[in-house]
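Student: Please take a close look at the paired charges in this model, and explain where the partners sit and how far they are covered by the rest of the protein. I should also like to know what surrounds this part.

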Amino acid sequence: MKRSRVNEIIREADAFIRSFGYIMPPFAYWSPGQMKDRQADIGNIINAGMGWDVTDYGQGDFERLGLFLFTVRNGDAADLDKGRGMLYAEKIMVSRHDQISPMHRHTIKAEDIINRGGATLALQLYEDDGTDMGIDTEKDVVVYTDGVKRVLPAGGILELAPGESVTLLPGNWHKFWGEGGDVLIGEVSTVNDDRTDNTFLDPIGRFSAIEEDEDPIHLLVSDYEKWFGVKGSSGY
């Protein structure tokens with residue numbers, strides 16, 4: 001993906017987010033130079049993988065297969081073993097009309113996926129087949145939408161209107177997209193390391209390869225290693 005396209009997607013997503021009254025944290029708008037100058041003070045942002053994230057899953061077709069994310073807060077996965085500390089994360093995402101976020105599951109992370117506004121958010125759901133590597137094509141899927149139990153057939157489509165949410169537990173396979181238009185999505189979850197806690201049904205990449213045809217307006221989480229020598233751990 002070209003950096004110029006990434007910059008364009010960030011601008012478009014920022015405008016869409018603001019249209020719903022959601023205000024991003026101040027560090028969202030720091031330039032790469034400002035982040036570099038403040039490196040000594042922003043270790044938590046860098047190490048936790050907070051910030052901008054644009055992915056085409058390495059397939060080069062963002063409009064068909066992709067997602068915009070911004071990690072607002074994220075704790076330290078090491079605290080999970082202690083059972084205390086900042087054990088949660090929050091993200092804001094934009095799923096475009098018919099833009100697929102591919103089938104995947106998490107090993108540790110539980111998450112509430114929330115339709116914050118726009119069109120319908122559609123999710124296709126499966127249960128794990130017990131091997132942790134595949135889907136069960138026969139078992140019903142049990143999830144809770146705003147605390148209400150829902151039972152869907154394997155591969156069933158759950159549709160969430162603005163204001164509705166679903167709780168997905170580890171092992172719940174899911175893919176999602178905007179149905180009928182673009183959707184603003186909130187996520188509240190367990191702290192998550194995106195580099196270790198995502199399993200995709202098909203062998204695809206999580207981050208995009210960036211072609212540097214212009215300077216970044218803001219750094220992506222996937223840029224942190226190059227700029228700061230640290231691998232961020234943002235999840236979705």
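Tutor: A residue is called buried when its relative accessible area is under 20%, exposed when the value is over 50%, and partly exposed in between. These words will be used for a predicted model. A salt bridge here requires a side-chain nitrogen of Lys or Arg within 4 Å of a carboxyl oxygen of Asp or Glu. By that rule the model contains 15 salt bridges, and three of these pairs will be examined in turn, namely Arg5 with Glu8, Glu63 with Arg96, and Lys91 with Glu187.

Let us begin with Arg5 and Glu8, whose side chains meet with a nitrogen-to-oxygen distance of 2.8 Å. Helix α1 covers residues 3–18, and because Arg5 and Glu8 are three residues apart within that helix, they are separated by about one helical turn. Arg5 has a relative accessibility of 21%, so it counts as partly exposed. Glu8 is also partly exposed, since its relative accessible area is 36%.

The pair of Glu63 and Arg96 has a nitrogen-to-oxygen distance of 3.7 Å, and it too is a salt bridge. This pair links distant parts of the chain, with the two positions 33 residues apart: Glu63 belongs to the loop between β1 (51–55) and β2 (67–74), and Arg96 to the loop between β3 (88–95) and β4 (101–105). Is each partner buried or exposed, or something in between? Glu63, with a relative accessible area of 41%, is partly exposed because that value lies between the two limits. Arg96 has a relative accessible area of 16%, which means that it is buried.

Which secondary structure elements hold Lys91 and Glu187, whose side chains meet at 3.5 Å from N to O? Lys91 is in strand β3 and Glu187 in strand β11, so the bridge joins distant parts of the chain, 96 residues apart. Lys91 is buried, with a relative accessible area of 1%. Glu187 counts as buried as well, because its relative accessibility is 2%. Salt bridges can also share partners, and in this way Arg5, Glu8, Glu12, Glu63 and Arg96 are joined into one network. The helix pair of Arg5 and Glu8 and the loop pair of Glu63 and Arg96 are therefore members of one network.

Strand β11, which holds Glu187, spans residues 173–190 and also includes Gly178. Gly178 is buried, since its relative accessible area is 0%. The C-alpha atoms of Gly178 and Gln99 are separated by 6.5 Å, although the two residues are 79 apart along the chain. Trp173, whose number opens the range of strand β11, has a side chain in polar contact with that of Asp128, at 3.1 Å. Asp128 is placed in strand β5, residues 111–128, and it is buried because its relative accessibility is 15%. A polar atom of the Asp128 side chain also lies 2.9 Å from the backbone nitrogen of Gly130.

The loop between β1 and β2, to which Glu63 belongs, also holds Tyr57. Most residues other than glycine have a negative phi. Tyr57, however, is not a glycine and has a positive phi of about 55 degrees. Tyr57 is buried, because its relative accessibility is 0%, whereas Glu63 in that loop is partly exposed. A positive phi, of about 50 degrees, also occurs at Asp146, again not a glycine. Asp146 lies in the loop between β7 and β8 (148–152), and its relative accessible area of 46% makes it partly exposed.

Finally, some charged residues lie in a patch without a salt bridge. Glu211, Asp213, Glu214 and Asp215 form a negative surface patch, and because patches admit residues only if they have no salt bridge, these four stand apart from the pairs described above. Asp213 belongs to the loop between β12 (199–200) and α5 (224–228), and with a relative accessible area of 37% it is partly exposed.

Key:
Residues are numbered from 1 along each chain as its sequence is written. This is a predicted model: local features need pLDDT of at least 70, side-chain atom pairs count only at pLDDT 80 or more; totals for chains, interfaces and linings use all residues. Side-chain values use heavy atoms; hydrogens and water are left out. Patches are made of residues with over 30% relative accessible area and no salt bridge: like charges are joined within 9 Å, nonpolar side chains (Val, Leu, Ile, Met, Phe, Trp, Tyr) within 5 Å. Accessible areas come from the Shrake-Rupley method with a 1.4 Å probe; for residues, only the protein chains shown count as cover. Lys and Arg count as positive and Asp and Glu as negative; His and the chain ends are not counted. The place of a charge is taken as NZ of Lys, CZ of Arg, CG of Asp or CD of Glu. Helices (H or I, at least four residues) and strands (E, at least two) are DSSP runs, numbered from the N terminus. Buried means under 20% relative accessible area, exposed over 50%, partly exposed in between (1.4 Å probe, protein chains only). A polar contact is a pair of N or O atoms within 3.5 Å; within protein, one must be able to donate a hydrogen and the other to accept it, and residues adjacent in sequence count only if both atoms are side-chain atoms.
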